[in-house]
Amino acid sequence: MGRIIDAILVKGLPKKDIKNANRVDLWAVVWAVSMIISSVLIESGWLTNPYLVVAASLFVLGVGIRVALAYKYLLVTLDEMERKIQYDALALAVGVSLVGFSGYAVLEHAELVPTLQSFVVVSGLAVTYAIGLIIGRIRLA
Amino acid sequence: MINHLKQLRGQHGWTQQDLATKLDVSRQTIIAIEKGKFDPSLPLAFKMARLFKQPIESIFIDGAHSQSL
């Protein structure tokens, strides 16, 4: 259990990596909040003007691109073992998602399962990525 | 890959954290390299060689090659 907690807390990373990781986290929070606010405003009928909807979408997209750029910078400057762990986790997340959701698509096509919601795909990716990070850190600890 | 990092670090009286700071990597990376769980990149291996003033091949030994000899 202690090893899993250590893997989650990522103890001992250089300060610059922690700073860059915090920057990614901050942008990710801004992105998530902007997405939630946009969705709530649209669903509640407060945001009906198509120009404003497009503007809100562009804002969310812009912040999303900023998250991706911050993450790319983190990966480039990251401690090399942690970078390998991140790449392995990303490969696991993409692989599991591709295989899992293409399998689900076949079942969905046969009308054996309900239509897949996009948030399930995103959540699946995020959870698999997090599991990949923990496995990688425990494996190399 | 086999390496003599732990012995070299011990000879200099450095802790794992000291070495990690000198090489600008995490302590976990030093631990993993010493245990042979992670092979460093070529730039990091050169950095270690410069730090210890030793050729790379005296710090890192190719396990597969040494077994075949």
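Against which helices of chain B do the buried residues of H2(B) pack? They pack against helix H1 (5-12), helix H3 (27-34) and helix H4 (42-52) of chain B, where helices are DSSP runs of H or I with at least four residues, numbered from the N terminus. This is a predicted model, in which local features need pLDDT of at least 70 and side-chain atom pairs count only at pLDDT 80 or more, while totals for chains, interfaces and linings use all residues. Residues are numbered from 1 along each chain as its sequence is written, and side-chain values use heavy atoms, with hydrogens and water left out.

**Helix H2 of chain B**
- In H2(B), residues 16-23, the buried residues (under 20% relative accessible area, 1.4 Å probe, protein chains only) are Gln16(B), Leu19(B), Ala20(B) and Leu23(B).
- Seen down the helix axis, these buried residues fall within an arc of 100 degrees, taken from the directions from the axis to the C-beta atoms, so they line one face of H2(B).
- Asp24(B), which follows H2(B), has a positive phi near 60 degrees.

**Interface of chain A and chain B**
- Twelve residues of chain A are in contact (heavy atoms within 4.5 Å) with 13 residues of chain B.
- The two chains bury about 1000 Å² between them, 53% of it on carbon and sulfur atoms, buried area being the accessible area (1.4 Å probe) lost on being put together, summed over both parts.
- In chain A, Glu80(A), Met81(A) and Leu140(A) lose the most area to chain B, together 46% of what that side buries.

How values were computed:
Chains are lettered from A and ligands numbered from 1 in the order in which they are written. Buried means under 20% relative accessible area, exposed over 50%, partly exposed in between (1.4 Å probe, protein chains only). Helices (H or I, at least four residues) and strands (E, at least two) are DSSP runs, numbered from the N terminus.
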